[in-house]
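This report describes one structure, going from the whole chain to its parts. Please look at the sequence and the model before reading on.

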2 protein chains.
Amino acid sequence: MHVELGTRSYPILIGAGLIARAELFREHLKARDVLIVSDTTVAPLYLGSLKASLGGKRIVEVILPDGEAHKTLPNVSRVLDILVANRFARDCAILALGGGVIGDLAGFVAACYQRGVNFVQVPTTLLAQVDSAVGGKTGVNHPGGKNLIGAFHQPVLVVSDTQTLATLPARELRAGLAEVIKYGLIFDAAFFAWLEAHLEQLLTADREALTHVIRRSCEIKAAIVGRDERELAERALLNLGHTFGHALESATSYKEYLHGEAVGAGLVMAAAMSRECAFLAPEAYERVHRLIERAGLPTRARSVTPDAAFEHMRIDKKVLGGRLRFVLLRGIGEAFVTADYPAPALSRTLAAHCGGVS
Amino acid sequence: MHVELGTRSYPILIGAGLIARAELFREHLKARDVLIVSDTTVAPLYLGSLKASLGGKRIVEVILPDGEAHKTLPNVSRVLDILVANRFARDCAILALGGGVIGDLAGFVAACYQRGVNFVQVPTTLLAQVDSAVGGKTGVNHPGGKNLIGAFHQPVLVVSDTQTLATLPARELRAGLAEVIKYGLIFDAAFFAWLEAHLEQLLTADREALTHVIRRSCEIKAAIVGRDERELAERALLNLGHTFGHALESATSYKEYLHGEAVGAGLVMAAAMSRECAFLAPEAYERVHRLIERAGLPTRARSVTPDAAFEHMRIDKKVLGGRLRFVLLRGIGEAFVTADYPAPALSRTLAAHCGGVS
């Protein structure tokens, strides 16, 4: 598979055991100096195998602590220091081995170091394989909001080794499914129906079902990114559920929810708000709610009050001219962006899906 | 004047008293929220007038200490904190009022905040007006090297008020002339000859001569950037003198030389190395040396040893595949990039132009 972006097009390789296939890296990764960025969870599992596949190159590694709380500017600075200390030049490559946190952070480092060096994604979570590793969004969190600091910087290569999903904790697998469900909701009602029919296989990490899901998700995302790399229009649809989700993550200091879990709740909220606005039929809302629930994802945010959620939404990137924009649904497979909604629809949505724990 | 970059083209306005012309900003700057970044030297002179011209907008200001030593990632982080604290959204603009340091740092903030917001340059030094404010290179220094952290991010507007040059210290004016001389050396032998003939007017800040120089410099730079925004080829020629110059700045911790002064010495070194390689005639080298000297710029770096200069060059961005690339001269107005030179030519150049103070 390819993401088509003119001179910056790049391949997405999907398959079992790809990390161990040295010839893939020999063919697609020409840099002599490679900085591998990984985390304390993933590195013990796959770093050895990856390094063996990169034999002959000069490799430096940085292992960061695992988790969204570490996706920060100080950690970017730390990785930059290591690049400079090792005298990496503009023709080096930075390789992210891990989930979305590692990919976003390492990608931002690659975007900034010497005004941009080659970047390779080796995503090891379902969420990263279906979403964050594809499309060139990079960045880190600010204490005031999610992904507030970042850049668009496309990878030169994405290697999605489906075998890594065998070691993925069930909670992470479910979190990844939130983004998969999102693609169905935005663009592809048939894919959504397929997910309804095959959820059990996915939850037991059936490799064939997962491979189908990764491929279809990447196809949808690559097509959109190819048409609107910088999110001037259509790409914004990919933020379905994310205005709510980011607020939940930010309000809980990135400690309570995995990103995909917050997106899961966010998808339910986006569907609920669409129903409140009378854009979406109640039955369609119920299908969204049920699939998210069956996927073992949260459908409400008990520990975040409606007011806290609203406050954290206001600094979100989707604010324009002082007014929050939302991606909403007209039906399963049909999303649109709007800043034109009755204020009570938002407050009722938050009241119904936030809070409840004192 | 316009820099032609498709949908990202932008105007460069050059003239006396432009900062005070509110209608220019009304026409070209649509953002409601504007963060002005300036420094302790420039802000007292022009911030009041600029703010008057931006009447009706919500303005937040950040005044950084003056000088290259403050072009750092921690200061970027500080400005980002202010943007978040003031809840600036993606439709805000960041405006740099100052010299190259302020423009580079504020531009990098604009590149990173929410993955890119609008950026306006109001350069107040000759160097920024002829060079750094045009072309979209942004970034900050790392203790290990100059501009090692950065991004390409074009401004939406450049306002070069030539009246600001009336308050520019003579030392800063001379530093700016180094970049002007560079344009002649790279592309335009007739412009170089014009500079030889009119240097005295320039040194006394004759407004007509300076306006000519700013316009011609921007024309040359805009044409090159329009053809090669990301420095994949031709744009690299603009680095003439900069591999040497950056090393001198870095070796002296950005404290001894203004950027333009280091570039002045760097131009002499690039010409000397070109002569050592027998690319450049001795008489042409002498013309370069004499014009730099007449401009009151250093022609050698007394406090940096040849070894220290070499060591600091090795981390420069122009290193590829372990070999330093240089922009050299075949004649006045004719530059080229090469990694193919006899090593003794470099060591003889450094030996002749570095050191001398114990």
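The text below covers the overall build of chain A, its domains, the pairing of the chains and one residue of chain B.

**Overall build**

The model is a predicted one. Chain A contains 13 helices and 13 strands. Along the principal axes, the C-alpha atoms of chain A occupy a box of roughly 60 × 40 × 40 Å. The radius of gyration of chain A is 20 Å, which agrees with the value near 21 Å that a compact globule of 358 residues would have. Of the 358 residues in chain A, 54% are buried. Contacts in chain A also reach across the sequence: of those between residues at least 6 apart, 76% join residues at least 24 apart.

**Two domains in chain A**

Chain A is split into domain 1, residues 2–164, and domain 2, residues 170–353. Taken over C-alpha atoms, the centres of domain 1 and domain 2 of chain A are 25 Å apart. Their contact draws 25 residues from domain 1 of chain A and 30 residues from domain 2 of chain A. On the domain 1 side, β2 (10–15), α5 (126–132) and β8 (145–152) of chain A each contribute at least two residues. The largest share of that side comes from α5(A), with five residues. Sorted by class, the side of domain 1 of chain A that touches domain 2 of chain A holds eleven nonpolar, ten polar and four charged residues.

**Two chains**

How are chain A and chain B related? A turn of 180° with a shift of 0.0 Å along the axis lays chain B on chain A, and the RMSD is 0.0 Å. The two copies are thus related as by a two-fold rotation axis. The same surface serves both copies, since 100% of the contact residues of chain B recur in chain A.

The contact between the chains takes 28 residues from chain B and 29 residues from chain A. On the chain B side, the elements that give two or more residues are α3 (73–85), α4 (100–112), β7 (137–142), β8 (145–152) and β10 (319–320) of chain B. Of these, β8(B) gives the most, with six residues. The residues on the side of chain B that touches chain A comprise 14 nonpolar, eight polar and six charged.

The table sets out the classes for the two sides described.

| Side | Nonpolar | Polar | Charged |
|---|---|---|---|
| Domain 1 of chain A, touching domain 2 of chain A | eleven residues | ten residues | four residues |
| Chain B, touching chain A | 14 residues | eight residues | six residues |

**A helix and a residue in chain B**

Helix α6 of chain B spans residues 170–187 and includes F187(B). From its first C-alpha to its last, α6(B) reaches 26 Å over 18 residues, close to the 26 Å expected at 1.5 Å a residue. The helix α6(B) is mostly covered, with 16 of its 18 residues buried.

Is F187(B) buried or exposed? F187(B) has 21 other C-beta atoms within 10 Å, and a residue counts as buried at 20 or more, so F187(B) is buried. Leaving aside residues up to four places away in sequence, F187(B) touches I220(B) and G333(B). I220(B) is 33 residues from F187(B) along the chain, while the C-alpha atoms of the two are separated by 7.8 Å.

Key:
Residues numbered from 1 in each chain as written. Chains lettered and ligands numbered in written order. Predicted model: local features only at pLDDT ≥ 70, side-chain atom pairs only at ≥ 80, totals over all residues. Domains from an automatic or database assignment. Contact = placed C-beta atoms within 7 Å. Helix = DSSP H or I, 4+ residues; strand = E, 2+ residues; numbered from the N terminus. Nonpolar A, V, L, I, M, F, W, Y, C, P; charged D, E, K, R; others polar. Rg over C-alpha atoms; globule rule 2.2 N^0.38 Å. Buried ≥ 20, exposed ≤ 12 C-beta atoms within 10 Å, placed from the backbone. Least-squares fit on C-alpha atoms with pLDDT ≥ 70 in both. Expected span 1.5 Å × (residues − 1).
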